[in-house]
Amino acid sequence: MLSIKNLVHVYGNGTRALDDVSLEVPRGMFGLLGPNGAGKSTLMRSIATLQTPTSGAIDFDGIDVIKEPEKLRRTLGYLPQDFGVYPRVSAYDMLDHMAVLKGIASGKDRKDTVDSLLNQVNLWPVRKKALAGFSGGMRQRFGIAQALIGNPKLIIVDEPTAGLDPEERNRFLNLLAEIGEQVVIILSTHIVEDVADLCPRMAVLAAGKIQLEGAPADLMQRMEGRVWRKAIDKEALEDHRARFEVISTRLFAGRTVIHVLSDRRPGEGFEPVSGGLEDVYFSTLSASRRVAA
Ligand SMILES: Nc1ncnc2c1ncn2[C@@H]1O[C@H](COP(=O)(O)OP(=O)(O)OP(=O)(O)O)[C@@H](O)[C@H]1O
Ligand SMILES: [Mg+2]
């Protein structure tokens, strides 16, 4: 459905934010996972036609996104990472206004659209309240409502769960999951569970490059038998980092629990753990950093 080929984006200051990114995104939810500065927003904005890449091609369902941006915009829903200002306008009026901008001219059609979207994202009871007074979770749900105006076939949500509490995060992700399998939804995030829970396909982006791509279950399968855990004292961490491929560290009950990637048992005190998506992600990042170093 969405096909990205050899995309490069170099900012004016020389930062190479996207470095030859190629990606095939099918219908359904696609998780784009990556750390701060990976290039996620740059990629999302390029697909959303808000900036023109330095080189490369993007095609969505036969639309040449770079040559025909206005054509893509008609079928695009976009929730940016920073939505910007939240005015003292009610959720209802703002959504109605945005529906006008999206080209829904008839008052009746607009009322139907706005009513149903506010219900869908569970903001109907607060539709008359000003957006300025909305909580983070309510703002993100409003953001999804505006992205869904006009039944887009391509929906891009850029780090929508950052800063949400677990309950709101859950509510938001369920909302995304309900949008349906007939559209392409790209969800960028640095939170592994966002992807693990609901994306049939995913990619890891780091340092402007696609480091890994596939189905979360397959990627986890590949880690089977290669992830080892050991609880150590904090003082021993440096030494372990020097001797093993430590992919993650975490404090637990005052000790440091490390995960190490190794084809066989790395040594005394290590026990096998079945690799989760977090291990996939952290080992990918650690490998990409090694290449960069
Ligand atoms: N307008 C800009 N001018 C120059 N450099 C930029 C600009 N926007 C982003 N960058 C740089 O491009 C790289 C990728 O940034 P981008 O915002 O796409 O990453 P990201 O994955 O969205 O990060 P985050 O998780 O923090 O949102 C970073 O090194 C960033 O500093
Ligand atoms: Mg970003």
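The paragraphs below lead through the fold, the enclosed elements and the charged contacts of this predicted model.

The chain, of which 50% of the 293 residues are buried, carries 10 helices and 14 strands. Measured out along its principal axes, the C-alpha trace spans about 70 × 45 × 35 Å.

A convenient place to begin is the open sheet of 4 strands, which has the order 2-1-4-5 and antiparallel pairing. Its edges are formed by strand 2 (16–25) and strand 5 (63–64), and because each of these has a single partner strand, one side of each is left without a neighbour in the sheet. The partner of strand 2 within this order can be examined in detail: strand 1 (residues 2–10) runs antiparallel to strand 2, and 7 bridges join the two. One of the residue pairings to look for is that of L2, whose bridge partner in strand 2 is V25.

From there the chain leads to strand 3 (residues 28–33), where 6 of the 6 residues are buried, so that this strand is largely enclosed by the rest of the structure. Strand 3 has parallel pairings with two strands that come much later in the numbering, as the residue ranges of strand 8 (residues 184–189) and strand 9 (residues 201–206) indicate. With strand 8 the parallel pairing extends over 6 bridges, and M29 has I185 as its bridge partner there. With strand 9 there are 4 bridges, again in the parallel sense, and in this case L32 has A203 as its bridge partner.

Helix 1 (residues 40–47) is another enclosed element, since 7 of its 8 residues are buried and it is therefore largely surrounded by the rest of the structure. The buried residues are K40, S41, T42, L43, M44, S46 and I47, a list that includes a lysine whose contact is taken up below. Just after the helix, T49 adopts a positive phi of about 65°.

What does the side chain of K40 meet? It forms a salt bridge with the side chain of E159, at 3.4 Å from N to O. This pair links distant parts of the chain, for K40 belongs to helix 1 while E159 lies in the loop between strand 7 (154–158) and helix 6 (166–178), 119 residues apart. Both E159 and K40 are buried.

A further link between parts that are separated in sequence is found at G77, a residue of strand 6 (residues 76–79). With a relative accessibility of 0%, G77 counts as buried, and its C-alpha lies 4.6 Å from that of I155, although the two residues are 78 apart in sequence.

The contact between E159 and K40 is one of 16 salt bridges found in a search of the whole structure. Another joins the side chains of D263 and R226, with a distance of 3.0 Å from N to O. Since D263 lies in the loop between strand 13 (255–261) and strand 14 (271–272), and R226 in the loop between helix 8 (216–221) and strand 11 (227–232), the pair ties together parts that are 37 residues apart in sequence. Here D263 is exposed, with a relative accessible area of 60%, whereas R226 counts as partly exposed at 29%.

A salt bridge within a single helix is formed by R243 and D239, whose side chains meet at 2.8 Å from N to O. Both residues lie in helix 9 (residues 237–243), 4 residues apart, or about one turn of the helix. An α-helix has 3.6 residues a turn, so residues three or four places apart point the same way. As to accessibility, R243 counts as exposed at 53%, while D239 is partly exposed with a relative accessible area of 38%. Elsewhere, R16, D19 and K209 are linked in a network of salt bridges.

The last feature concerns charge on the surface, where E24, D59, D61 and E213 gather in a patch of negative charge. Of these residues, E213 is placed in strand 10 (residues 209–214), and its relative accessible area of 31% makes it partly exposed. That value matters for the assignment because a residue must have over 30% relative accessible area to be included in a patch.

Note on methods:
Residues numbered from 1 in each chain as written. Chains lettered and ligands numbered in written order. Predicted model: local features only at pLDDT ≥ 70, side-chain atom pairs only at ≥ 80, totals over all residues. Heavy atoms only, no water. Patch = residues over 30% accessible without salt bridge, like charges linked within 9 Å, V, L, I, M, F, W, Y side chains within 5 Å. Areas by Shrake-Rupley, 256 points an atom, 1.4 Å probe, with all protein chains shown as cover. Salt bridge = Lys/Arg side-chain N within 4 Å of Asp/Glu carboxyl O. Lys, Arg positive; Asp, Glu negative; His and termini not counted. Charge placed at Lys NZ, Arg CZ, Asp CG, Glu CD. Buried < 20%, exposed > 50% of the residue type's maximum accessible area, 1.4 Å probe, protein only. Pairing = 2+ DSSP bridges.
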